[in-house]
Amino acid sequence: MAYDDQNVFARILRGEISAAIVHEDEHCIAFRDVQPQAPVHVLVIPRAAIAKLGEVGPDAKELLGHLLWVAGEVARREGIGDAFRTVINHGTGAGQSVFHLHVHVLGGRPLAWPPG
Ligand code: AMP
């Protein structure tokens, strides 16, 4: 799908909307989810304009690895390093509502399996 640069995460990246940022580097930022589903709920997003996980090419492999590494770092720093979950929703049918790639990092409460 075409990337819509008016999506809310693109606007956060441009500084047009504020967010509670917990990590920033040259490739990504991480900030608290505005509607947290757990005591810790952080979103890690690339600076690059990528709408959905399943649409990236092989050139994004290093970036995808970096996002997961940052997710683990954030979990550790947030005090949930012993038990946390990462989630990437791809497509409306899987619950994706913002079409800028993001990794959810959730923890701080029991996390049931299988997920809904
Ligand atoms: P998804 O449903 O996987 O696309 O996740 C999108 C997430 O973005 C949801 O958990 C929303 O609560 C969150 N969200 C939407 N707008 C904002 C915002 N302005 N700041 C932080 N999180 C947001």
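**Exercises: strand E5 and histidine 100**

This is a predicted model.

**Exercise 1.** Which residues point one way from E5, and which the other way?

*Solution.* Start with one face: Val103, Val105 and Gly107 point that way. His104 and Leu106 point the other way. Now recall the general pattern. In a regular strand, side chains alternate between the two faces of the sheet.

**Exercise 2.** Why does E5 count as largely enclosed by the rest of the structure?

*Solution.* Take the cut-off first: buried means under 20% relative accessible area. Next, check the strand. Five of the five residues of E5 are buried, so the rest of the structure largely encloses this strand.

**Exercise 3.** Which strands are joined to E5, and how many bridges join each?

*Solution.* Begin with E3, residues 40-46. Five bridges join E3 to E5, and the two run antiparallel. Within E5, glycine 107 is the bridge partner of valine 40. Then turn to E4. Four bridges join E4 to E5, again antiparallel. Here threonine 86 stands opposite valine 105 of E5.

**Exercise 4.** Where is histidine 100 found? Is histidine 100 buried or exposed? Which side chain makes a polar contact with its side chain?

*Solution.* Locate the residue first. Histidine 100 lies in the loop between strand E4 (84-87) and strand E5 (103-107). Next, accessibility. Histidine 100 has 0% relative accessibility, so it counts as buried. Now find the polar contact. The histidine 100 side chain meets the side chain of tyrosine 3 at 2.6 Å. Last, leave aside neighbours within four places in sequence. Histidine 100 is then in contact with residues including Tyr3, Phe9, Ile45, Pro46 and Ala51.

Notes:
Residues numbered from 1 in each chain as written. Predicted model: local features only at pLDDT ≥ 70, side-chain atom pairs only at ≥ 80, totals over all residues. Heavy atoms only, no water. Buried < 20%, exposed > 50% of the residue type's maximum accessible area, 1.4 Å probe, protein only. Polar contact = N/O pair within 3.5 Å; in protein donor to acceptor, adjacent residues only side chain to side chain. Contact = heavy atoms within 4.5 Å. Pairing = 2+ DSSP bridges.
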